[in-house]
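Subject: Structure for you to look at, with notes

Dear colleague,

Here is the structure I promised to pass on, with the sequence alongside. Please have it open while you read, since the notes below go through it place by place.

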Amino acid sequence: HLLLGAAARTNSGRRPLWHSHRLLAAVSVLEQPHMAEPPAKRSFTGAFEEQARKNGARRLYSWMRGDCSEEATLSFAELREQACNLCVALRQKWGANTGDRVMLVYPPGLDFLVAFFGAQYAAVIAVPYYPPIMPTSPMPSAGAKKLLADGLEKLSRISQSCSPILFLSTKMYLRLQWVSSMAVRDAECRWPSEWKWQATDSAAATKPSAKEKQWLDSWLKTRTQESPPDEVAFLQYTSGSTGHPKGVMVGTRNLVANIDAIAQVRMAQSEMGALPAEEVGVASWLPQYHDMGLIGGCLSAAIRGWRADLTSPFTFLQRPVVWLQMITRMKDTHLVQCTAPNFGYALCI
């Protein structure tokens with residue numbers, strides 16, 4: 001089973017207390033009557049707009065290095081601004097329309113989250129997936145080539161499945177992609193020429209023109225209304241480690257209901273129920289590409305007004321103690337939630 005852990009403050013001092021609950025508890029929590037608004041009708045974008053207005057410059061995300069220092073941060077207002085800028089690029093510059101699919105092919109980091117929120121603002125369907133791992137040597141080994149070829153094959157299968165109009169990533173990843181294509185000439189390691197790539201870090205930092213700002217203000221009114229019943233927020237594909245990647249559509253209403261269910265499970269704990277949202281924190285190393293890390297570790301913080309300190313699963317596997325340090329650095333000011341499979345806790349022992 002999966003564990004939900006919490007580091008809580010006590011009357012006698014501030015120390016971590018660990019609690020575990022089966023994730024199946026979420027089923028019974030949905031029956032509780034204290035929802036402020038029916039989750040099925042709430043807009044994901046509208047819910048985040050409300051948190052951005054309320055919390056502004058307050059810290060939302062921190063991306064942590066292996067020594068537990070901050071590599072990058074985003075406040076609620078910064079995430080909103082960058083997501084809106086990216087929305088303008090998607091709709092006004094890159095030709096995206098409502099319901100189009102866009103692949104999010106990012107190394108772990110906050111750029112991925114900006115792209116995900118930008119897709120929600122733009123009403124396009126995000127398709128997150130692991131980026132193919134590129135060789136680091138100018139003369140890559142056979143193993144490094146196979147790793148790249150396997151990643152490209154999985155990405156190609158997903159592309160054939162969902163027909164994305166764009167592949168989004170960072171400038172650095174696209175630069176490495178070009179270097180890789182020069183160093184590795186094997187046919188199975190070639191990046192398909194028909195894939196149209198865009199780097200989002202520049203677009204997210206570019207303020208819209210006066211005309212684009214006028215369009216954005218009008219567009220946001222439609223994105224903060226109730227979500228249509230058939231609106232899809234993202235496509236989630238399996239990792240493909242035991243077979244070909246398989247996808248499922250996650251509706252916007254389903255996504256918001258999932259976030260509310262996670263919050264209710266956590267708020268049911270007596271230590272957490274009376275706390276204001278700004279005193280609740282998340283410490284997560286889980287992959288951003290799947291529901292447990294994406295929804296439980298990242299999106300729930302933005303929609304519920306919490307704070308999230310995040311790191312890469314590779315960083316955690318190399319140095320598991322970084323997760324405990326992330327919890328420790330927040331525990332004096334936040335009740336810290338940490339969700340992981342059992343092996344994550346075992347690695348910390």
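**Starting at Pro287**

Apart from its neighbours within four places in sequence, Pro287 is in contact with Tyr130, Gly293, Leu294 and Pro313. Please bear in mind throughout that this is a predicted model. Pro287 itself sits in the loop that runs between strand 12 (280–284) and helix 11 (291–304), and with a relative accessibility of 24% this proline counts as partly exposed. Its C-alpha lies 10.0 Å from that of Tyr129, although 158 residues separate Pro287 and Tyr129 in sequence.

**The chain as a whole**

The chain has 349 residues, of which 51% count as buried, and it contains 14 helices and 14 strands. If one takes the contacts between residues at least 6 apart in sequence, 76% of them join residues at least 24 apart.

**Helix 4 and its two partners**

Two helix pairs involve helix 4, and I take them in turn. The axes of helix 3 (residues 76–93) and helix 4 (residues 110–122) come within 7 Å of each other and cross at roughly 60 degrees, and the two helices are therefore oblique to each other. Their crossing is right-handed. On the helix 3 side the contact is made by Leu79, Arg80, Gln82, Ala83, Cys84, Leu86, Cys87, Leu90 and Arg91, while helix 4 contributes Leu113, Val114, Ala115, Phe117, Gly118, Ala119, Tyr121 and Ala122. By residue type, this contact comprises 13 nonpolar, 2 polar and 2 charged residues.

Helix 2 (residues 44–55) also packs with helix 4, here at an angle of about 115 degrees and with the axes 9 Å apart, and the crossing of this pair is left-handed. Phe44, Thr45, Phe48 and Glu49 of helix 2 make the contact with Phe116, Phe117, Gln120 and Tyr121 of helix 4, and these residues divide into 5 nonpolar, 2 polar and 1 charged. Phe117 and Tyr121 of helix 4 are thus listed in the contact with helix 3 and also in the contact with helix 2.

Just beyond this helix comes Ala123, which is found in the loop between helix 4 and strand 7 (125–129). The phi angle of Ala123 is near 60 degrees, a positive value in a residue other than glycine, and Ala123 is buried, with a relative accessible area of 10%.

**Cysteines**

As you may wish to think about the cysteines at the bench, I set them out together. A search of the whole structure finds 0 disulfides. Cys84, one of the helix 3 residues in the contact with helix 4, is in no disulfide, and the nearest cysteine sulfur, which belongs to Cys87, is 6.5 Å away; a disulfide would require the two sulfur atoms to be within 2.5 Å. Cys84 counts as buried, because its relative accessibility is 3%, and Cys162 is likewise buried, with a relative accessible area of 5%.

Cys68 lies in the loop between strand 4 (59–64) and strand 5 (70–75) and is buried, with a relative accessible area of 14%. The phi angle of Cys68 is near 70 degrees, again a positive value in a residue other than glycine.

**Two buried residues with charged side chains**

Where in the chain is Arg307 found? Arg307 belongs to strand 13 (residues 307–310), and at a relative accessible area of 14% it is buried. Leaving aside neighbours within four places in sequence, the contacts of Arg307 are with Arg59, Leu60, Ser62, Val280, Gly281, Val282, Ala301, Arg329, Met330 and His334.

Glu212 is found in helix 8 (residues 210–223) and is also buried, with a relative accessible area of 16%. Beyond its neighbours within four places in sequence, Glu212 is in contact with Val88 and Lys93. Glu212 and Val88 are 124 residues apart in sequence, while their C-alpha atoms are 6.9 Å apart in space.

With best wishes

Technical notes: Residues are numbered from 1 along each chain as its sequence is written. This is a predicted model: local features need pLDDT of at least 70, side-chain atom pairs count only at pLDDT 80 or more; totals for chains, interfaces and linings use all residues. Side-chain values use heavy atoms; hydrogens and water are left out. Buried means under 20% relative accessible area, exposed over 50%, partly exposed in between (1.4 Å probe, protein chains only). Axes are lines fitted to C-alpha atoms, for helices over the stretch in contact, and angles run from 0 to 180 degrees between N-to-C directions. Helices (H or I, at least four residues) and strands (E, at least two) are DSSP runs, numbered from the N terminus. Angles under 35 degrees count as roughly parallel, over 145 as roughly antiparallel, 65 to 115 as roughly perpendicular and the rest as oblique. A crossing is left-handed if the near helix is turned anticlockwise from the far one by less than a right angle, and right-handed if clockwise. Contact means heavy atoms within 4.5 Å. Ala, Val, Leu, Ile, Met, Phe, Trp, Tyr, Cys and Pro count as nonpolar, Asp, Glu, Lys and Arg as charged, and the others, Gly among them, as polar.
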